[in-house]
Amino acid sequence: MSNQQQRSIWRPYCQMKTAPPPLEIVSAHDFELTTADGRSLIDGMASWWSVCHGYNHPHVVESVSQQLAKMPHVMFGGITHEPAERLAARLAALLPADLNHVFFADSGSVAVEVAMKMAVGYWRRRGQANRQRFLSFTHAYHGDTTGAMSLCDPQRSMHADYGKAILSQFHCPLPVDEITEDACHQLLSVHQGEVAGIFIEPLVQGAGGMRFHSASTVSRIRRLCDEHEVLMIADEIATGFGRTGTMFAIDACDVVPDIICLGKALTAGTMTMAVSVACGRVFDAFWSDRTGDALMHGPTFMANPLACAAANASLDLFESEPRVEQAHSMELKLRMGLSPARSLPGVVDVRCRGAIGVIQVESLHDVEELRQNLVDAGVWLRPFGDCVYVTPPLNLPDPLVEQLCNTIVDVMGKRQPIRLS
């Protein structure tokens, strides 16, 4: 790849002037990436959580190929098609209670924005038009588009620089105990007439630092929503489809949100698509004889037939193969494999949940060097903040799980300690 070709692309999450050249990948199969120079790397990230069944699963490939031959795309305004109808019905059947109304979007951030519009529109149609703001939590991350950015932690997220350029929301610590629950209660009591909904990443806060919380915390948030009559919106873009050891993280919490956002693994990492799924009472607020009561949103590629075919094929695999059980059992394997890192200098914590493993350190001052050392050892990861984390395909075979963990611990054990002088 020429220098000019590299400069033609503005790359994500990096300083273009100083970042090393990106790693060129020429193919991906099963659980490995192949580089331009012929090396094979275990993908410990499943391409940002999304490749839940591994790359190029034959059933997904066949389903997408068949759909491509028939109809790769058609607009969804005034038109419908079987792959979308089938996918919506299957998602509704998988989700708890009456989370039955599926709105298709084209990325996780857009699904979050749609959920925001659903919530604000719901209250407007209920005669409470002042409810236009949201509560989210310390270390939250909900996406990179303008509305989604406003829900991210205003001090600690990558979007802190945008300040007054984005919407103003409410933020407080997660209600992990009675003290923090009371703080949320007080905030909602003061601003109840302004708050449309509470956004939560159930069980795992992802890009905010790979932080875990308990099912009881999610239950506290549901209780706060009920007490203060605000909508609960679960952002399961990252945690949905088995990642935490249940099909959805809310399944482990015995909680039903009013809206849930799903993406990433929805299409098995094949192409971009996301959904915002609303409960009956939210949908019913828009059910009207007046055109002006419609939800005015419609991405060009929403319900893209190719993406729907991939998503339906992925759900087939969740039905025919023990994918959720594999994710659940991977927690113990990751815990055992990464636990030796606890004794390494600078390691603060090692924690695992489902098919997520995290090594938290005091500082990642050498993130680019560490990433390169991992590549040299045959593993692809993207450490960030103060975390080295893995989110591999849910069906990563045991020998590769062991190799992945051993490599990470070995490479981290060779890091140079920080010099404080």
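A residue is called buried under 20% relative accessible area, exposed over 50%, and partly exposed in between. In this predicted model, Trp48 has a relative accessible area of 38% and is therefore partly exposed. Trp48 belongs to helix α2, which covers residues 46–49. Beyond the residues up to four places away in sequence, Trp48 touches Tyr13, Lys264, Arg382 and Tyr389.

Trp48 is also one of the positions that an unreviewed UniProt entry annotates as "binding site"; the others under this annotation are Tyr141, Lys264, Gly298 and Arg382. These positions span 335 residues in sequence, and the farthest two C-alpha atoms are 33.2 Å apart, so the annotated residues do not all gather at one spot. Lys264 and Arg382, which carry the annotation, are among the residues that Trp48 touches. Gly298, also annotated, is placed in the loop between α9 (280–285) and α10 (305–320). With a relative accessible area of 54%, Gly298 lies over the 50% cut-off and is therefore exposed.

The loop between α9 and α10 also holds Asp293. Asp293 has a relative accessible area of 10%, which is under the 20% cut-off, so this residue counts as buried. A polar contact of 2.7 Å links the side chain of Asp293 to the side chain of Ser288. When neighbours within four places in sequence are set aside, the contacts of Asp293 are Arg125, Phe286 and Ser288.

The model contains an open sheet of seven strands, with mixed pairing and the order β4-β12-β11-β10-β7-β5-β6. At its edges are β4 (101–105) and β6 (170–172), each of which pairs on one side only. From one strand to the next, the twist averages 20 degrees. In general, the strands of a sheet pair through backbone hydrogen bonds, in either a parallel or an antiparallel sense.

At the β4 edge, β4 and strand β12 (residues 274–278) run antiparallel and are joined by five bridges. Within this pairing, His101 stands opposite Ala278 of β12, and Phe104 has Val275 of β12 as its bridge partner. Although β4 is an edge strand, four of its five residues are buried, so that β4 is mostly covered. In β12, five of the five residues are buried. Side chains of a regular strand alternate between the two faces of the sheet. In β12 both faces are covered: Ala274, Ser276 and Ala278 are buried on one side, and Val275 and Val277 are buried on the other. Strand β11 (residues 259–262) also runs antiparallel to β12, and four bridges join the two. Cys261 stands opposite Ser276 of β12 in this pairing.

Towards the β6 edge, the pairing of strand β5 (residues 133–137) with strand β7 (residues 195–200) is parallel and involves three bridges. Phe134 faces Gly197 of β7 as its opposite residue. Helix α7 (residues 178–191) lies across β5, β6 and β7, and runs at about 165 degrees to β6.

Phe134 is also engaged by Gln169: a polar atom of the Gln169 side chain lies 2.8 Å from the backbone nitrogen of Phe134. Gln169 is located in the loop between α6 (146–151) and β6. Its relative accessible area is 9%, under the 20% cut-off, so Gln169 is buried. The side chain of Gln169 makes a further polar contact, at 3.1 Å, with the side chain of Ser150. Apart from neighbours within four places in sequence, Gln169 contacts Met116, Arg133, Phe134, Ser150 and Leu151.

A helix pair was also examined. Helix α11 (residues 323–338) and helix α13 (residues 398–413) have axes that come within 9 Å and cross at roughly 30 degrees. The crossing of α11 and α13 is right-handed. On the α11 side, the residues that meet α13 are Met330, Lys333, Leu334, Gly337 and Leu338. On the α13 side, the residues are Asp398, Val401, Cys405, Ile408 and Val409.

Definitions and conventions. Residues numbered from 1 in each chain as written. Predicted model: local features only at pLDDT ≥ 70, side-chain atom pairs only at ≥ 80, totals over all residues. Heavy atoms only, no water. UniProt positions renumbered as here; feature names shortened; annotations may be inferred. Buried < 20%, exposed > 50% of the residue type's maximum accessible area, 1.4 Å probe, protein only. Contact = heavy atoms within 4.5 Å. Polar contact = N/O pair within 3.5 Å; in protein donor to acceptor, adjacent residues only side chain to side chain. Pairing = 2+ DSSP bridges. Axes fitted to C-alpha atoms, helices over the stretch in contact; angles between N-to-C directions. Left-handed = near helix turned anticlockwise from the far one by under 90°.
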